[in-house]
Amino acid sequence: MMRLDRYLSEMGIGTRKKIKEMVRGGRITVDGSIAKNSDIRVDENVAVVCLDGKELSFNTFEYFLLNKPKGVVSATTDSVHKTVLELITETKRKDLFPVGRLDIDTEGLLLITNDGDLSHRLLAPGKHVDKCYEAVILGEVTEDDIRTFSEGMEIPDEKGSISLEPAGLVILESFDSYNEENEELLSGLSINLDMAADSLERDGAEKAKYSRVRITIHEGKYHQIKRMFEAVGKRVVYLKRISMGSLTLPDDLNTGEYKRLTKEEVYADLSL
């Protein structure tokens, strides 16, 4: 049971002051009767609450799978950049948040919800939930890199270094920027090829080499994948998360688009 004003507030109907005005105006009904006070208690699971004759459905939790674009921050509010919550236009809740974060220049799968228990299960280190990414790397990824990642590694940190658990690394293809087909691919990913080539040439390379890889981690350290490749002398120039647990980014979900999921779908897919 909950107060009517809280029920309506959680559904995003308005502030409690606004809701009181609606009640005084006779615009709210509960089980067919006009509500007299905004502090009456209703059973959110069975009560039929209407605003101006339109029934409101109470949603305890909401779940959205977003294909996050670049330039958008994984935050609830930001004074400079657009947030991922601003991309979700069909929510009935005002308490949504992103589960974990993707860097502003990283794309891909991001779960948006208000289910704190689910967030904990997905992000807690002891749960070992796999997070899989596809990346384009400036530099030729080698079998030695695969072995280094698979054994776990130390990466520099402001306090010295931190230990990372083993990660899976798969080389999908390797190429150089002078291949017309791959130059078109890289340009489509908004990668500055000239800047990348200049960077590599300063390091003594004759021309820029690239690798497209898939990497799987189950930690979530700050800039982890970028720092892992920096530790082996390479640089991430494009990064996209494609799965989290068994929840996978649909092929037909374009960048910036999202789909609503039910609680049953989320928990079934994630085997939690």
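Let's start at helix H4, which spans residues 143–150: at its start, a side-chain oxygen of threonine 142 comes to within 3.3 Å of the backbone nitrogen of aspartate 144. Follow the chain to just after H4 and you meet glycine 152, whose phi is positive, at about 85°. Do keep in mind, as we go on, that this is a predicted model.

From here, turn to strand S10, made of residues 131–138. Seven of the eight residues in S10 are buried, so the strand is mostly covered, given that buried means under 20% relative accessible area. S10 has two strand partners to look at. With strand S14 (residues 209–217), S10 pairs in the antiparallel sense over eight bridges. You can pick up this pairing at lysine 131, whose bridge partner in S14 is isoleucine 217. With strand S15 (residues 235–244), S10 again pairs in the antiparallel sense, over eight bridges. Here a handy place to look is leucine 138, which has arginine 235 of S15 as its bridge partner. As a reminder while you trace these strands, side chains in a regular strand alternate between the two faces of the sheet.

S10 also leads us to the largest pocket, which holds about 440 Å³ of space. Its lining is made up of 26 residues, and those closest to the pocket centre are Arg101, Tyr133, Glu219, Gly220 and Lys221. Two or more lining residues come from each of S10, helix H7 (224–231) and S15.

Next, consider two loop residues. Aspartate 103 has its place in the loop between S8 and strand S9 (107–113). With a relative accessibility of 10%, aspartate 103 counts as buried because the cut-off is 20%. What does the side chain of aspartate 103 contact? It joins the side chain of histidine 223 through a polar contact of 2.7 Å. Valine 73, for its part, belongs to the loop between S7 and strand S8 (97–98). Valine 73 is buried too, at a relative accessible area of 12%. Although valine 73 and threonine 83 are ten residues apart along the chain, their C-alpha atoms are separated by 4.8 Å.

Now for the aromatic rings, which form four pairs in this model. One of them brings together phenylalanine 61 and tyrosine 63: the ring centres are 6.5 Å apart and the planes stand at 50°, so this pair is tilted. The two residues can be told apart by their exposure. Phenylalanine 61 is partly exposed, with 32% relative accessible area, whereas tyrosine 63 is buried at 1%.

Another pair is formed by phenylalanine 64 and tyrosine 258, and this one is edge-to-face, with 5.6 Å from centre to centre and 85° between the planes. Because phenylalanine 64 lies in strand S7 (residues 63–68) and tyrosine 258 in strand S17 (residues 258–261), this pair ties together parts that are 194 residues apart in sequence. Are these two rings' residues buried or exposed? Phenylalanine 64 counts as buried at 0% relative accessibility, and tyrosine 258 counts as buried at 18%.

One last ring is worth a visit. Look at tyrosine 267, where the charged end of lysine 263 sits over the ring, 5.7 Å from the ring centre.

Note on methods:
Residues are numbered from 1 along each chain as its sequence is written. This is a predicted model: local features need pLDDT of at least 70, side-chain atom pairs count only at pLDDT 80 or more; totals for chains, interfaces and linings use all residues. Side-chain values use heavy atoms; hydrogens and water are left out. Rings of Phe, Tyr and Trp (its six-membered ring) pair if their centres lie within 6.5 Å; planes under 30 degrees apart count as stacked, over 60 as edge-to-face and the rest as tilted. Buried means under 20% relative accessible area, exposed over 50%, partly exposed in between (1.4 Å probe, protein chains only). Helices (H or I, at least four residues) and strands (E, at least two) are DSSP runs, numbered from the N terminus. A charge sits over a ring if NZ of Lys or CZ of Arg is within 6 Å of the ring centre and within 35 degrees of the ring normal. A polar contact is a pair of N or O atoms within 3.5 Å; within protein, one must be able to donate a hydrogen and the other to accept it, and residues adjacent in sequence count only if both atoms are side-chain atoms. Two strands pair if DSSP finds at least two bridges between them. On a 1 Å grid over the protein atoms alone, a cavity is a set of points where a 1.4 Å probe fits but cannot get out, and a pocket is an open set with protein on both sides within 12 Å along at least five of seven lines; lining residues have an atom within 4 Å of a point. Grid points are joined across faces, edges and corners, and a volume is the space filled by probe spheres set on the points.
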